[in-house]
Amino acid sequence: MSERDERTRGEVPHRRGFLAAALSLAGLALSGCDRVSNEPHARSILGAANELTYRVQRFLLGAHRLAPEYSEAEISSEFRANGSTDPQDDEYLDLADKDFANWRLKVDGLVERELSFSLADLRALPSRTQITRHDCVEGWSCIGKWTGVPLAEILSRAGLGPQARYVVFHCADTLNDGSLSDDPESIRYYETIDLADADHPQTILAYDMNGKKLDIAHGAPLRLRLERQLGYKMAKYIMRIEVVRSFAGLHGGKGGYWEDRGYEWYAGI
Ligand SMILES: Nc1nc2c(c(=O)[nH]1)N[C@H]1C(S)=C(S)[C@@H](COP(=O)(O)O)O[C@H]1N2
Ligand SMILES: [Mo]
């Protein structure tokens, strides 16, 4: 572990968040994270190697280990945009046209209260700013500054049902021309993370990048930052957050757009 890790680690108290509450509701102790991944439905979605990475990160390094954070001077002069960078879906174009004034983040699924937030609502909530390195599976990295609302804030407001295990991000974009058809490539982007990552202090829904309003190329109006995993986990153009028990029924059942095309579900770095 680097000096920086050591230093940042001490700054965040290991708190008993909604995850602990959800696990004890389900009759499990906090150490029961281990048992969550031993449940048959969880095991079946994790390949053997993938499960090893997942377990090593969760239980040796700690569920709340922080990713390194950088200084202002280290911010990349240009931050590459990747995947969808200019969604052409009609609904998205309408929202972008009005500077996302009519956009709402919907929160539903296994929650106690379904919620809906405008951008102004999100900006009024507690925020976190972090300068972190983004690593894409394609082999490039960029350092950027992100400001947003911790996902834990949103989920604790919604309240998790006892069966809650994963968070699904439903996005506005498709990776081709934006027309939804039977073409398997023509599916809106989607991703999933587990509750341990959802409760991590650096897991934020970012609306600002490098001190400015998030631009379309990087996921406006709202994108996930999940600093201990690869870029493809960080859903851009988020429209809806759904809490589920299992993602077996979501498209190909592997937990994400790229996972359904062969990438690992747990993309730990
Ligand atoms: N909705 C959506 N989210 C997405 C993608 C995408 O195509 N659509 N691409 C992913 C990939 S592979 C990466 S590396 C990052 C790129 O983020 P950036 O454009 O800010 O660099 O977004 C991720 N999130
Ligand atoms: Mo990526």
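1. Which residue takes a positive phi just after helix 8? In this predicted model, that residue is Gly159, whose phi is about 75°. Within the helix that precedes Gly159, which runs over residues 151–158, the buried positions are Leu151, Ala152, Ile154, Leu155 and Ala158. Viewed down the axis of helix 8, these buried residues fall within an arc of 160°, and they therefore line one face of the helix. The general background is that an α-helix has 3.6 residues a turn, so residues three or four places apart point the same way.

2. The largest pocket encloses about 360 Å³ of space, and 25 residues contribute to its lining, with Asn82, Gly83, Tyr189, Gly231 and Tyr232 lying nearest the centre. Sorted by class, the lining of this pocket comprises 14 nonpolar, six polar and five charged residues.

3. The second largest pocket, with a volume of about 220 Å³, has a lining of 15 residues, and those nearest its centre are His170, Cys171, Ala172, Arg188 and Met239. At least two lining residues come from each of helix 6 (90–97), strand 5 (166–174), strand 6 (188–194) and strand 10 (238–244). The lining of the second largest pocket divides into eight nonpolar, two polar and five charged residues.

4. Turning to the aromatic side chains, a search of the whole structure gives 14 aromatic pairs. One of these is formed by Tyr166 and Phe247, which meet edge-to-face with 4.8 Å between the ring centres and 65° between the planes. This pair joins distant parts of the chain, since Tyr166 belongs to strand 5 whereas Phe247 lies in the segment after strand 10, 81 residues apart. Tyr166 and Phe247 are both buried.

5. Phe247 also pairs with Trp265: the ring centres are 5.6 Å apart and the planes stand at 35°, so this pair is tilted. Here too the pair links distant parts of the chain, although both Phe247 and Trp265 lie in the segment after strand 10, at a separation of 18 residues. Trp265, like Phe247, is buried.

6. A further point concerns the aromatic cluster made up of Tyr189, Tyr190, Tyr232, Tyr257, Trp258 and Tyr263. Among its members, Tyr189 and Tyr232 are also listed with the residues nearest the centre of the largest pocket. Another member of the cluster, Tyr257, has Arg261 over its face, at 3.8 Å from the ring centre.

Conventions. Residues are numbered from 1 along each chain as its sequence is written. Chains are lettered from A and ligands numbered from 1 in the order in which they are written. This is a predicted model: local features need pLDDT of at least 70, side-chain atom pairs count only at pLDDT 80 or more; totals for chains, interfaces and linings use all residues. Side-chain values use heavy atoms; hydrogens and water are left out. On a 1 Å grid over the protein atoms alone, a cavity is a set of points where a 1.4 Å probe fits but cannot get out, and a pocket is an open set with protein on both sides within 12 Å along at least five of seven lines; lining residues have an atom within 4 Å of a point. Grid points are joined across faces, edges and corners, and a volume is the space filled by probe spheres set on the points. Ala, Val, Leu, Ile, Met, Phe, Trp, Tyr, Cys and Pro count as nonpolar, Asp, Glu, Lys and Arg as charged, and the others, Gly among them, as polar. Helices (H or I, at least four residues) and strands (E, at least two) are DSSP runs, numbered from the N terminus. Buried means under 20% relative accessible area, exposed over 50%, partly exposed in between (1.4 Å probe, protein chains only). The arc is that of the directions from the helix axis to the C-beta atoms. Rings of Phe, Tyr and Trp (its six-membered ring) pair if their centres lie within 6.5 Å; planes under 30 degrees apart count as stacked, over 60 as edge-to-face and the rest as tilted. A charge sits over a ring if NZ of Lys or CZ of Arg is within 6 Å of the ring centre and within 35 degrees of the ring normal.
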